[in-house]
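Hi,

Here is the structure I promised to pass on. Have a look at it first, and my notes follow below.

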Amino acid sequence: LACVAPAQASAVQLNIGHRGASGTRPEHTFAAYDRALALGADYIEQDLQVTSDGVLVVLHDGTLNRTVRGPAENCTGAVDTKTLAQIKTCSAGEWFGAEWAGEKVPTLEEVFQRYGKTVNYYIETKTPDPEDDMETKLLALLDKYDLRNASINDWQVLIQSFSADSLKRVHAMDARLPLVFLGTLNAASIQSVREYGVGIGPSFGGVTQANVAAAHAACLNVHPYTVNTDADIARMLSYGVDGMFTNFPERLEAQLGAA
Ligand code: G3P
Ligand code: CA
């Protein structure tokens with residue numbers, strides 16, 4: 001089986017800024033994304049949630065409680081019970097430090113407006129409810145910002161999910177888009193994902209040299225998450241992974257540069 005990968009993704013190990021440079025900046029803020037890019041990240045990651053008025057915003061949790069501060073009526077509780085206008089009254093950086101109090105929860109559209117086609121995006125459909133139509137909204141934004149073809153040809157946008165159903169919904173809309181399943185790396189997942197995806201993103205603890213080789217034999221990339229210590233980064237690189245999610249892109253960059 002001949003494996004075909006875009007030039008950008010072949011023979012390189014991708015540095016994926018997990019929620020941006022979230023080790024040193026408040027996750028999923030422009031500050032975190034700017035910092036990740038400055039530190040050498042090849043991709044910045046987005047986790048998607050949907051507001052009550054149907055807007056895709058970038059936030060890891062389904063609730064605002066952990067990383068958002070502001071008036072309780074607007075800034076606590078489930079994201080999908082708040083309008084975008086309510087969420088925009090909140091700070092997405094204050095919890096991490098006073099100097100980032102001005103950071104807001106970005107919409108995905110604002111992320112595309114800020115970085116355009118100058119960066120690569122690794123976007124997760126997070127706990128997608130089919131009724132939210134997250135996948136259709138995502139593809140509409142790819143088209144609005146002319147990112148679809150660049151994703152197909154150069155993996156400018158990689159779409160990831162723990163939900164195979166979500167990825168299959170995307171695949172049904174456009175079978176050319178590169179998709180990564182988040183889950184265990186084993187024979188069953190390899191057999192399943194090769195039907196619709198380009199890779200698997202496993203938790204790094206279960207990654208071995210042998211299961212990376214098995215994925216590669218099936219033409220699937222392996223992008224473990226979330227690899228933060230120098231020792232774990234080195235171990236994953238030694239197994240031949242194709243990139244990894246890290247809160248500290250500078251640590252991965254240092255090892256890739258030294259290789
Ligand atoms: O998307 C890779 C990794 O981020 C998955 O875990 O919970 O950080 O989204 P989580
Ligand atoms: Ca994620």
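The chain averages a pLDDT of 96, and 96% of the residues score at least 70. This is a predicted model, and the predictor gives the complex an ipTM of 0.98 and a pTM of 0.96.

On the annotation side, an unreviewed UniProt entry lists residues 13-256 as "domain: GP-PDE". In the model, that span is 35% helix and 16% strand, and its end C-alpha atoms lie 8 Å apart.

Next, the ligand. Around ligand 1 you will find His18, Asp47, His60, Glu124, Gln160, Leu182, Gly201, Tyr225, Thr226 and Phe245. Sorted by class, this shell has five polar, three nonpolar and two charged residues.

I also spent some time on helix H5, which covers residues 134-144. Its buried residues are Met134, Glu135, Leu138, Leu139 and Leu142. Viewed down the axis of H5, these buried residues fall within an arc of 130 degrees, so they line one face of the helix. An α-helix has 3.6 residues a turn, so residues three or four places apart point the same way. On the other side of H5, Thr136, Asp143 and Lys144 are exposed.

What covers the buried residues of H5? The cover includes strands E2 (43-50), E3 (56-58), E4 (120-125) and E5 (157-161), along with helices H6 (148-154) and H7 (164-173). One last detail for your viewer: just after H5, Asp146 takes a positive phi of about 55 degrees.

Happy browsing, and do write back with your thoughts!

Best wishes

Notes:
Residues numbered from 1 in each chain as written. Chains lettered and ligands numbered in written order. Predicted model: local features only at pLDDT ≥ 70, side-chain atom pairs only at ≥ 80, totals over all residues. UniProt positions renumbered as here; feature names shortened; annotations may be inferred. Helix = DSSP H or I, 4+ residues; strand = E, 2+ residues; numbered from the N terminus. Near = placed C-beta within 6 Å. Nonpolar A, V, L, I, M, F, W, Y, C, P; charged D, E, K, R; others polar. Buried ≥ 20, exposed ≤ 12 C-beta atoms within 10 Å, placed from the backbone. Arc of directions from axis to C-beta. Contact = placed C-beta atoms within 7 Å. pLDDT = per-residue confidence, 0-100.
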